[in-house]
Amino acid sequence: MIQLQYGDKLRFTCSFQHKGAAYTGAKLHAAIGNKGALGFDEILNNETTVTGIIYDATWQTYTVTIDVTITSGISSGAYDTMVKLMSIPGSDIYWYGTLDDIVVVGEAEFQSLSVSYAKA
Amino acid sequence: MIPSPPKKTPPTQERIFTGKGNYTEILAIYTPSSSQPGSYLTVSTDIKNLYAQGIYIAASAVYNGSQLTLLPDYAVVNPGVFQNFYGSFIMPNSSITLMVYSWYWTDQWVFDDQKQIIINISTGEAQFQKLSVSYAKV
């Protein structure tokens, strides 16, 4: 579990394999949100275009990082993560993180003020 | 016993694209126009006897500086008839120019005709797999 506050960044380190023709335009899209039965509800996200994919006859591994900044656009709570490799030949390739592994602490919160009094 | 033809590039290069030799003509070279690196390729060629009598004909080939053996080593070919010679090789990582040479026998192997064909590299569509991710606070 990773605790994050507003202003923090969550860095996704993404690896995938490629072979065949050189390719431009592939994108990696990372998101923090809620994974549900109907899909992944994104709240914060970022994406990057992958460059430098060259021809190779055999599978080659590429590693790319994406940072998602934690902003006030997300409330305090536990969240899920998702990354997809998109704009590639064929279907997008998805990756999902462990559920509720991201906990956003958010702004300072106060509660349960209690008071007692007595003659002094 | 007739020896095998010389397995090297003939010394004369000016016959490129002259059409036919004095006694033989390379009618055709059969290869794919493109291939992926590492693919096993078969090449064959039809060589015709232009002479009025039967002669011994042989063939050899070179691509990117590599010698390619064509079989049979040689053949007796009747006048007006062609003989097929064939060989195989592994496609390298770049496009190649394949040179094919024909030879006829008198008291030695004499280089006679020459043709070339280009085989382009085919890289295939880009493929992706195995997305894996780790994350950390920075």
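## The main nonpolar core

The largest nonpolar core in this predicted model has 27 residues, and the members with the most contacts inside it are Leu10(A), Phe12(A), Cys14(A), Leu28(A), Ala30(A) and Ile66(A). Two or more residues each come from strand 2, strand 3 (27-36), strand 5, strand 6 and strand 8 (102-104) of chain A, and also from strand 10 of chain B. A second, separate core of 24 residues includes Val43(B), Ala58(B), Ala59(B) and Val100(B).

Phe12(A) is a good residue to click on if you want to see how the main core is put together. Setting aside neighbours within four places in sequence, Phe12(A) is in contact with Ala30(A), Thr65(A), Ile66(A) and Val83(A), and across in the other chain with Val133(B) and Tyr135(B).

## A sheet shared by two chains

Now let's turn to the strands around that residue. Three strands form an open sheet in the order 5(A)-2(A)-10(B), with antiparallel pairing. Its edges are strand 5 (56-69) of chain A and strand 10 (127-137) of chain B, each of which pairs on one side only. On average, neighbouring strands of this sheet are turned by 15° against each other, direction ignored.

Strand 2 (residues 9-20) of chain A is joined to strand 5 of chain A by 11 bridges, the two running antiparallel. Here Leu10(A), one of the core residues with the most contacts, stands opposite Val68(A) of strand 5. Strand 2 of chain A is also linked to strand 10 of chain B, by nine bridges and again antiparallel. One pair to look for on that side is Lys19(A) with its bridge partner Gln127(B).

## Where the chains touch

How many residues of chain A are in contact with chain B? There are 28 of them, and they meet 18 residues of chain B. On the chain A side, at least two residues each are supplied by strand 1 (2-4), strand 2, strand 5, strand 6 (77-86) and strand 7 (93-96). Strand 2 of chain A gives the most, with 12 residues. By type, the chain A side divides into 16 nonpolar, seven polar and five charged residues.

## A hairpin in chain A

Strand 3 of chain A, a contributor to the main core, pairs with strand 4 (residues 39-49) of chain A in the antiparallel sense over 10 bridges. These two strands form a hairpin with two residues between them. Gly36(A) has Gly39(A) in strand 4 as its bridge partner.

## Chain B and its strand 8

Chain B has zero helices and 10 strands. Of its 138 residues, 31% count as buried. Among the contacts in chain B with a separation of 6 or more, 66% are between residues 24 or more positions apart.

Is strand 8 (residues 96-105) of chain B mostly covered or uncovered? It is mostly covered, as eight of its 10 residues are buried. Strand 8 of chain B pairs with strand 4 (residues 55-63) of chain B over seven bridges in the antiparallel sense, and in this pairing Leu98(B) is the bridge partner of Tyr63(B). Strand 8 of chain B also pairs with strand 9 (residues 109-121) of chain B, antiparallel over 10 bridges, where Ile96(B) has Ile119(B) as its bridge partner. A hairpin of three residues connects strand 8 to strand 9 of chain B.

Terms used: Residues are numbered from 1 along each chain as its sequence is written. Chains are lettered from A and ligands numbered from 1 in the order in which they are written. This is a predicted model: local features need pLDDT of at least 70, side-chain atom pairs count only at pLDDT 80 or more; totals for chains, interfaces and linings use all residues. Two strands pair if DSSP finds at least two bridges between them. Helices (H or I, at least four residues) and strands (E, at least two) are DSSP runs, numbered from the N terminus. Axes are lines fitted to C-alpha atoms, for helices over the stretch in contact, and angles run from 0 to 180 degrees between N-to-C directions. Two residues are in contact if their C-beta atoms, placed from the backbone, lie within 7 Å. Ala, Val, Leu, Ile, Met, Phe, Trp, Tyr, Cys and Pro count as nonpolar, Asp, Glu, Lys and Arg as charged, and the others, Gly among them, as polar. A residue is buried if 20 or more other C-beta atoms lie within 10 Å of its own, exposed if 12 or fewer, and partly exposed in between; C-beta atoms are placed from the backbone. A nonpolar core is a set of buried Ala, Val, Leu, Ile, Met, Phe, Trp, Tyr and Cys residues joined through C-beta atoms within 7 Å.
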